[in-house]
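Could you walk me through the metal sites and the unusual backbone spots of this protein? A short tour under a few headings would suit me well.

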Amino acid sequence: MSSPIGPVDSSKVPRYSGQDGFARLPYRDKVDHADVVLAGVPYDTGVSYRSGARFGPNHIRQSSKLLRPYNPALDVSPFETFQVADAGDIAVNPFNINEAIEGVEEQAYALTENGTRLVTLGGDHTIALPLLRNAAKRHGPVALLHFDAHLDTWDTYFGAEYTHGTPFRRAFEEGIIDTEALCHVGTRGPLYGKKDLEDDRRFGFGILTSADIYRQGADEIAARLRDRIGDRPLYISVDIDVLDPAHAPGTGTPEAGGMTSRELLEILRGLRGLNLIGADVVEVAPAYDHAELTGIAASHVGYELVSLLALKHQKEQDMNRSEKEN
Ligand code: MN
Ligand code: MN
């Protein structure tokens with residue numbers, strides 16, 4: 001197989017120029033095949049408070065221009081390991097939530113043909129439901145790590161079933177997540193009542209709160225998550241509001257007392273070795289951002305997720321090779 005087409009060479013073309021994809025990667029139509037695609041979903045019709053996450057995907061792309069090809073923390077060069085490309089944006093109906101959800105599911109299915117992994121840039125958290133449906137179609141019910149200030153397992157808002165606060169309750173009801181291996185990470189802030197937590201526990205979720213992360217540290221948290229997930233197919237959903245508003249002001253429903261971007265990146269790196277099959281980064285609302293803080297945090301989360309997929313790919317290649325030799 002020919003070697004992957006990598007990012008634009010920033011020693012020849014300055015980082016601040018051009019219209020290249022995430023991390024200056026090529027767009028999908030410029031490569032023959034892709035092992036991983038990043039795709040935007042410019043959609044925010046499901047939000048309950050500040051709108052604006054529809055502008056998230058392009059903001060994350062713009063904020064990703066400084067990402068460099070080698071990840072020293074994981075000792076991997078993700079864009080040399082396999083072909084990564086930016087698939088552009090999934091076009092969805094901004095006026096009809098049901099149609100938007102169907103559209104994301106259909107297009108996610110098309111993007112993940114032939115084993116291509118999808119890392120989605122949101123968009124509000126509503127889109128996690130169709131992305132989990134697609135993941136389950138490909139792998140059966142998936143383990144889920146959900147990084148978020150909020151549970152997102154509420155029932156309805158104003159009678160609406162499909163919103164950014166309800167995707168994981170719907171996913172539980174639809175049987176598309178593996179109830180043995182679900183965990184919220186970074187949860188904090190006031191709830192409507194104790195019943196929110198009781199319902200959530202009934203769906204099978206564990207909770208590692210923002211305070212747990214502060215008290216136990218990133219390594220311990222990652223170890224506990226690895227134990228819970230084992231080798232199950234794993235989907236990771238990162239709501240950028242899991243970060244403290246000091247680290248991610250540009251989001252729709254900010255809550256004080258969140259983790260730092262360093263803690264989030266360290267926990268993600270601590271998940272190496274798990275069977276990651278797909279991921280999303282959502283709820284970046286650039287109108288509330290300052291100096292690209294939120295966009296930069298989201299772009300680094302995307303980079304770590306692609307790096308985890310690259311490590312998994314390397315491991316699979318090594319196993320194939322040693323099987324052939326034996
Ligand atoms: Mn949230
Ligand atoms: Mn959320």
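The report below starts with the metal ions and then turns to the backbone.

## The first manganese ion

Keep in mind that this is a predicted model. The protein donors of the manganese ion (ligand 1) are supplied by Asp148 (OD), His150 (ND1), Asp239 (OD) and Asp241, which is listed with OD twice. These donors lie 2.0 to 2.6 Å from the ion. If you would like to find the residues in the sequence, look for the spacing D-x1-H-x88-D-x1-D.

Two of these donors come from distant parts of the chain: Asp148 sits in the loop between β4 (142–147) and α5 (167–174), while Asp239 belongs to strand β7 (residues 234–239), and 91 residues separate the pair. Asp148 counts as buried because its relative accessible area is 0%, below the 20% cut-off. Asp239, with a relative accessible area of 2%, is buried too.

## The second manganese ion

Around the manganese ion (ligand 2), the protein donors are His125 (ND1), Asp148 (OD), Asp152 (OD) and Asp239 (OD), at 2.1 to 2.2 Å. Along the chain, these donors follow the spacing H-x22-D-x3-D-x86-D. Asp152 is buried, as is Asp148.

How far apart are the manganese ion (ligand 1) and the manganese ion (ligand 2)? The distance between them is 3.2 Å, and Asp148 bridges the two ions. Asp239 also appears in both donor lists, with an OD atom given for ligand 1 and for ligand 2.

## A cis peptide bond

Most peptide bonds are trans. The bond from Gly122 to Gly123, however, is cis, and its omega is near 15°. Gly123 is found in the loop that runs between β3 (117–122) and α4 (128–139).

## Two positive phi angles

Most residues other than glycine have a negative phi. Ala23 has a positive value, near 55°, and its place is in the segment before β1 (36–41). Is Ala23 buried or exposed? Ala23 counts as buried, because its relative accessibility of 1% falls under the 20% limit.

Asn114 is not a glycine either, and its phi is positive at about 55°. You will find Asn114 in the loop between α3 (97–111) and β3. With 82% relative accessibility, Asn114 counts as exposed, since the cut-off for that label is over 50%.

Notes:
Residues are numbered from 1 along each chain as its sequence is written. Chains are lettered from A and ligands numbered from 1 in the order in which they are written. This is a predicted model: local features need pLDDT of at least 70, side-chain atom pairs count only at pLDDT 80 or more; totals for chains, interfaces and linings use all residues. Side-chain values use heavy atoms; hydrogens and water are left out. Helices (H or I, at least four residues) and strands (E, at least two) are DSSP runs, numbered from the N terminus. Buried means under 20% relative accessible area, exposed over 50%, partly exposed in between (1.4 Å probe, protein chains only). Donors are N, O and S atoms within 2.8 Å of the metal (3.2 Å for Na, K and Ca); water is not among the atoms, so sites may look incomplete.
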